[in-house]
Amino acid sequence: EDNSLIFEARFESGNLQKVVKVNEFEYQLTLRTDLYTSRHTQWYYFQVSNTQAGMPYRFTIVNFTKRNSLYKRGLRPLLYSEADAKKHKVGWRRTGNEIKYYKNNAGQDGRQYFSLTWTFQFPHDRDTCYFAHCYPYTYSTLQEYLMAISRDPVKSRCCKIHILCYSLAGNIVYVLSITNPSQSGKGTKRKAVIVTARVHPGETNSSWIMKGFLDYILGDSDKAQFLRDNFVFIVVPMLNPDGVIVGNHRCSLTGQDLNRKYRSNGKKFYPSIWYTRNMIKRVMGERDVFLYCDIHGHNRKQNVFMYGCERKKQSKAPDVHPRVFPFLLSKSCPDKFSFPDCHFRVRKSKQGTGRVVMWKMGVNNSYTLEASVCGSKLGWRQSTHFDIKDLESIGQHFCDALLNYC
């Protein structure tokens, strides 16, 4: 009998390129770079079958390109066992011992590569397992979620799902409009809150935060009703579906970082960005935009924090002071959100980002929300990982902060 593991990544968001068996229980893995680039290896997601329980396996991924990594600071890989999910209703969980992230000797073309290595044991014989960098959230997962909203007689009354545009590969980029039906004429007084996510495909935690935000805003609580009475929420939950589907970490099918393209007129090459910017321009012509936020994941820092935009001589009026909303969010979830980690400078390298472009278009409260792929350094949560419930709670706290702002 051959006890070799069988690897597979030809599924949605998978991205393994090559595996070499070093010895009976040791494997060397190479990730596929983002399509049409030679870089951006960070995200990984692959399947392993033909497992043996209790044996000391070692995996080493050999072609990371970032010098620094949260794997040096306690981040552990994620494991999902189909047998555990079936028998014990256990989903994704952290795994790995002897985790090391180090410079290796595989550099080519003058490029330096880094390895991530860890040891572990599979929980069951002949099981099918998955490994991932962060909790997967695929385009199909989003479509199922939106389908459930559209079939819900209560939620579908206040949430209209439209097609913003089609991606390069012909996938739908969805836009949601969420507000309570208005009594005649009152709706035009409502300010807009615009929230987007997943411009970087490998930052899957941003989709879980988005899900928490949508669950709250579409809920039947008094708070949710109040927010829908006072705001129109315009939401683009997945800006880069093509990148998500093929398992890219950062880029779209053009091999470009879409979060540097908000100043571009490349409607043909960056349709989701072009249509998002123009949709926001149109909204600004109809009503005040109270707040814009683009949700991201962060691979080098811990905690949750925000980047805002501030002029050197900032107006003293609190409703246009960009530090107020992040401060309120830090009070809403003090064990996860760090106000000292927030920054409000506008750097030259960030001029093409959604946050800076929307601010220059006139949105004072214009933010990037960053959540660590690892976890928190704060309070009782020190040295713990964020799980899916934590990420969803950040989306809920976002709504609470908005409520407090009101």
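How far apart do the C-alpha centres of domain 1 and domain 2 lie? They lie 30 Å apart.

This is a predicted model, in which local features need pLDDT of at least 70, side-chain atom pairs count only at pLDDT 80 or more, and totals for chains, interfaces and linings use all residues. Residues are numbered from 1 along each chain as its sequence is written, and side-chain values use heavy atoms, with hydrogens and water left out.

**View 1. The boundary between domain 1 and domain 2.** The protein chain is divided into domain 1 (6-132) and domain 2 (139-404). These bounds come from an automatic or database domain assignment. At the boundary, 21 residues of domain 1 are in contact with 24 residues of domain 2. Contact means heavy atoms within 4.5 Å. The area buried between the two domains is about 2000 Å². Carbon and sulfur atoms give 53% of this area. E12, W43 and L70 supply 30% of the area that domain 1 buries against domain 2, more than any other three residues. Buried area is the accessible area (1.4 Å probe) that two parts lose on being put together, summed over both.

**View 2. Strand 4 and its partner strands.** Strands are DSSP runs (E, at least two residues), numbered from the N terminus. Strand 4 covers residues 45-49, and 5 of the 5 are buried, so the strand is largely enclosed by the rest of the structure. Buried means under 20% relative accessible area, exposed over 50%, and partly exposed in between (1.4 Å probe, protein chains only). Y45, Q47 and S49 point one way. F46 and V48 point the other way. In a regular strand the side chains alternate between the two faces of the sheet. Strand 1 (residues 6-8) runs antiparallel to strand 4, joined by 3 bridges. One pair is I6 with S49. Strand 10 (residues 129-132) also runs antiparallel to strand 4, with 4 bridges between them. Two strands pair if DSSP finds at least two bridges between them.

**View 3. Strand 10, covered on both faces.** C129 and F131 lie on one side of strand 10, Y130 and A132 on the other, and all are buried. Toward strand 4, F46 has F131 as its bridge partner. Y45 is partnered by A132. Strand 6 (residues 78-81) runs antiparallel to strand 10 and is joined to it by 4 bridges. Here S81 has C129 as its bridge partner.

**View 4. The residue annotated as active site, E370.** The "active site" feature at E370 comes from an unreviewed UniProt entry. UniProt positions are given in the numbering used here, feature names are shortened, and annotations may be inferred rather than shown by experiment. E370 lies in strand 17 (residues 366-372). Its relative accessible area is 9%, so E370 counts as buried. Residues up to four places away in sequence aside, E370 touches H296, G297, H298, N303, V304, F305 and Y307.

**View 5. Cysteines without a disulfide.** A search of the whole structure finds 0 disulfides. A disulfide is a pair of cysteine sulfur atoms within 2.5 Å. Why is C134 not bonded to C374? The C374 sulfur is the closest cysteine sulfur to that of C134, but at 10 Å it is too far for a bond. C134 is buried, at 2% relative accessibility. C406 is in no disulfide either; its nearest cysteine sulfur, that of C399, is 11 Å away.
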